[in-house]
Amino acid sequence: MIQELIKGIHDCPCGKDHSCPTEAVEIGSGALEKLPQLCAGYEKILLVADQNTYRVGGEAAQQLLSGKLEGKVIYQTGDKPLIPNEEALETLAAAVTDKTQLIVGVGSGVINDLCKQTAFVKDLPYFIVATAPSMDGYTSVGSALILKGMKVTLTARPPKAVVADTRILKTAPLEMIQAGVGDILGKHSCLNDWKLSALINGEYFCQKVYDLVYEAVVRVQQLTEAAVNREEEALGALMEALVAIGFEMSYVGNSRPASGSEHHLSHFFEITGILDDAPYFCHGIDVIYSAVVTAKLREKVLSSQPKPYHHDAAAWEKEIRRLYSTSADEVIKLQKKMGWYDIDGYQNICDKWQKICEVLAEAPTEAQMLEMVRRIGLDYSEFVKLYGQKKIDDAVLYAKDLKDRYTVLWLAYQYC
Ligand SMILES: [Zn+2]
Ligand SMILES: [Zn+2]
C-alpha cells in the first residue's frame, strides 16, 4: 500500500498531478538494519538526535553507519522537551559543513521538523529514523516550528527516506502512541472542514485524496486497542497511516487533508501554553480531544439557523490581545491580510444552508468522538481539567485567527 502511494496519483480527476518527494519507506520489525543500504552513496553523514532518541535508536544507527558519520548533534535538554525554535535550528545549522552530504535524524516530531527545515535551507537530502508513531508530519512538506514565540509552518523538505523499526516504535512512551492514534482519528474533523470549505468557498478539493485519508482513518480506528497495547503489527500499520497522510499532504501541496479546526484548537493550546508558560498535552492528544470539541460545535451549528453577519472589530482585537499577548500583532496582521472579516457571506451561507447541514452531519457526533477517545485509553475530563471550560471556549472562538484556513470555527463564529 505505502509503496504504491510513493508513486503518486497521475491523471487525477481533480486536475492535479499528485506526487511526493519521498523515495523510500521501510516500516517493520528490524527495519533499522536497512539503513546502511539506504545510505549507500553517502560518505559524510550528520546524525541528529536528542538524549532520549539517541538512546533508543540513535546509538544503533550510529553503529550501523560507523565510518560514514561526519558528525552528530545530540540535543541535551534535561527533563524539558526540545523546542523547535531559533536556538535549536542554529545548533543544527552550525554542525552542517561544506562536506555534509546527508542528514539522518533519529526521533519523532521535533527532531524531524528541525532536520526537515535545515535540509531545506542547506539544500541537503535527509532521512528520518522514526522513534515513535506519534504524528503525521514525518513526510509532510511543512516543518512546524516555534519562531518568535509563534507556531509557524514553513515550507521545508520532506525526507528522502523513512525508516521505522517497530521494535523501536514499541518502546515509545504510551502517550506518544496515543498521540499518533489521536492525530489520525482527529482527521474525521479536518476532512469534514475540507468539504465544508469546498462547498462554502469553492476551495480546491480532491475526492481521491479525501478517500485515501479517510481509509487510513478507518484502518487506525479498527486497530486502536492493538496499537495502544504496543502490538508491533498494529504499530506498523499506524506508522504506515501516518506516513501515508504525509504523502497526501504533498499530493495537494498543503496540510488541508490533515489539519482543520481540531488542529487549530490544538495549536491554540500549544501557543497559549508557550506564551503563558502553562501546561498542554502533546500534539495528537490535544488533537483528538479537540476533535470532540469540534464535533460538539458541528452539532450546535446543525441545530441553529444562520444569523446575519456582524463584526465588532474593536471587541475582536481586544480579545486577540488578551489571548495572544506578545504574539497578538502577528495574529492581527494575518487576519487583516486575509480580509475574511470584511466579507459578508450571509447570503451565500443561507443559499447553501441545506447542503452545509448535510456535510456537517457526515462527521462523527460528539458521542462517537468520545468513544474513540475512550478506546485510545484517554479521558476527556482530563482535557477539561487541564484547560478549564473558559479556555476551551476561547479556543473555539479565536483559534481560527492563528491560521489562514476556513473551517467550521469560522462558520460558527460568523453566522451561528
Ligand atoms: Zn486529485
Ligand atoms: Zn497533527
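Guide: Donors are N, O and S atoms within 2.8 Å of the metal (3.2 Å for Na, K and Ca), and sites may look incomplete because water is not among the atoms. This is a predicted model, in which local features need pLDDT of at least 70 and side-chain atom pairs pLDDT 80 or more, while totals for chains, interfaces and linings use all residues. Residues are numbered from 1 along each chain, chains are lettered from A and ligands numbered from 1 in the order written, and side-chain values use heavy atoms without hydrogens or water.

Visitor: Which residues are the protein donors of the zinc ion (ligand 2)?

Guide: The donor atoms lie 2.1 to 2.7 Å from the zinc ion (ligand 2), and Asp-183 is listed with OD twice. In sequence the donor residues follow the spacing D-x79-H-x19-H. They are Asp-183, His-263 and His-283.

Visitor: How many residues apart in sequence are the parts that Asp-183 and His-283 tie together?

Guide: Asp-183 belongs to helix α7 (residues 174–185), and His-283 to helix α13 (residues 283–302); helices are DSSP runs of H or I with at least four residues, numbered from the N terminus. The parts that this pair ties together are therefore separated in sequence by 100 residues.

Visitor: Is Asp-183 buried or exposed?

Guide: Buried means under 20% relative accessible area, exposed over 50%, and partly exposed in between (1.4 Å probe, protein chains only). His-283, at 24%, is partly exposed. Asp-183 has a relative accessible area of 0%, so Asp-183 is buried.

Visitor: What is the arrangement of the four donor atoms around the zinc ion (ligand 1)?

Guide: The donors are Cys-12 (SG), Cys-14 (SG), His-18 (NE2) and Cys-206 (SG), at 2.0 to 2.3 Å from the zinc ion (ligand 1). Four donors count as tetrahedral if all angles lie between 85 and 135 degrees. Here the angles are 101 to 114 degrees, so the arrangement is tetrahedral.

Definitions and conventions. Four donors count as tetrahedral if all angles lie between 85 and 135 degrees; four count as square planar and six as octahedral if opposite donors are over 155 degrees apart and all others between 65 and 115; anything else is irregular. Helices (H or I, at least four residues) and strands (E, at least two) are DSSP runs, numbered from the N terminus.
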